[in-house]
Amino acid sequence: MQVHSKVVLFDIDYTLFNTDVFRQLEKHELYEEVEELLKELSTIATIGVFSEGEENRQLLKLKNTGIIDFFLTKNVHIVAFKEQELERVLNTYKGKTLFFVDDKLPILKKAKEVFPDIFTIWVKRGKYAAVQQPIEGFTPDKIVEDLSQILQIVKSYKE
Ligand SMILES: [Mg+2]
């Protein structure tokens, strides 16, 4: 397997996974751009998941949408409380160029504090983003409304 210097960590709910559809219909569904993005991105970067929740429940979201095989097990981080595990998880990628994609602004802010070189991408969609107020003193490196721009962002980033 190719070793990439760039690593992109994705949140699951409201980032890869359409959590609204799941809540309403109990149906496992990705946002439409996700599969193509992961396919292309995985040729230029290591991709992983950093998600909060119950492990089996979160893994099922990756399995039932057919994307689990994009990720090596060691790059799948599912934890009960993201903030508590942030430092430990991010530290496993020391020396890499790290991109962190999440719909929750406070967690991106925290990631930047722990790991100042991290490139934070806020996916502004879903119920949390909709009510999020700006956080004083923190602006994510990039704000997107879906994941389609991420390939270009990662590709063009100069290390
Ligand atoms: Mg989320």
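## Strands, a magnesium site and two buried acids

In this predicted model, strands β1 and β2 run parallel to each other and are paired through 4 bridges. Within this pairing, Leu9 sits opposite Gly48 of β2. Strand β2 spans residues 46-52 and is mostly covered, with 6 of its 7 residues buried.

Moving on from there, β2 is also joined to strand β3 (residues 76-79) by 4 bridges, again in the parallel sense. Here Val49 faces Val76 of β3. To get from β2 to β3 the chain passes through helix α3 (residues 55-64), and this β-α-β crossover is right-handed.

### The magnesium ion

Now for the metal. Which protein atoms are the donors of the magnesium ion? They are Asp11 (OD), Asp13 (O) and Asp103 (OD), at 2.0 to 2.1 Å from the ion. Along the chain these donors follow the spacing D-x1-D-x89-D. Asp11 belongs to the loop between β1 (6-10) and α1 (19-25), while Asp103 belongs to the loop between β4 (97-102) and α5 (105-114), so the pair ties together parts that lie 92 residues apart in sequence.

Are Asp11 and Asp103 buried or exposed? Asp11 is buried, at a relative accessible area of 6%, and Asp103 is buried too, at 3%. The table puts these values beside those of two further acidic residues, discussed below.

| Residue | Relative accessible area |
|---|---|
| Asp11 | 6% |
| Asp103 | 3% |
| Asp102 | 2% |
| Glu33 | 15% |

### Asp102 and Glu33

Asp102 is part of strand β4 and counts as buried, because its relative accessibility of 2% falls under the 20% cut-off. Its side chain reaches the backbone nitrogen of Lys104 at 2.8 Å. Leaving aside residues up to four places away in sequence, Asp102 touches several others, including the magnesium donor Asp11, as well as Thr15, Lys82 and Trp122.

And where does Glu33 lie? Glu33 is found in the loop between α1 and α2 (34-41). This residue also counts as buried, since 15% is under the 20% cut-off. Which residue does the side chain of Glu33 meet in a polar contact of 3.0 Å? The partner is Arg125, through its own side chain. Arg125 also appears among the residues that Glu33 touches, together with Asp146, Leu147 and Ser148, when residues up to four places away in sequence are not counted.

Definitions and conventions
Residues are numbered from 1 along each chain as its sequence is written. This is a predicted model: local features need pLDDT of at least 70, side-chain atom pairs count only at pLDDT 80 or more; totals for chains, interfaces and linings use all residues. Side-chain values use heavy atoms; hydrogens and water are left out. Donors are N, O and S atoms within 2.8 Å of the metal (3.2 Å for Na, K and Ca); water is not among the atoms, so sites may look incomplete. Buried means under 20% relative accessible area, exposed over 50%, partly exposed in between (1.4 Å probe, protein chains only). Two strands pair if DSSP finds at least two bridges between them. A crossover is right-handed if, with the strands pointing away from the viewer, the path from the first strand over the helix to the second runs clockwise. A polar contact is a pair of N or O atoms within 3.5 Å; within protein, one must be able to donate a hydrogen and the other to accept it, and residues adjacent in sequence count only if both atoms are side-chain atoms. Contact means heavy atoms within 4.5 Å.
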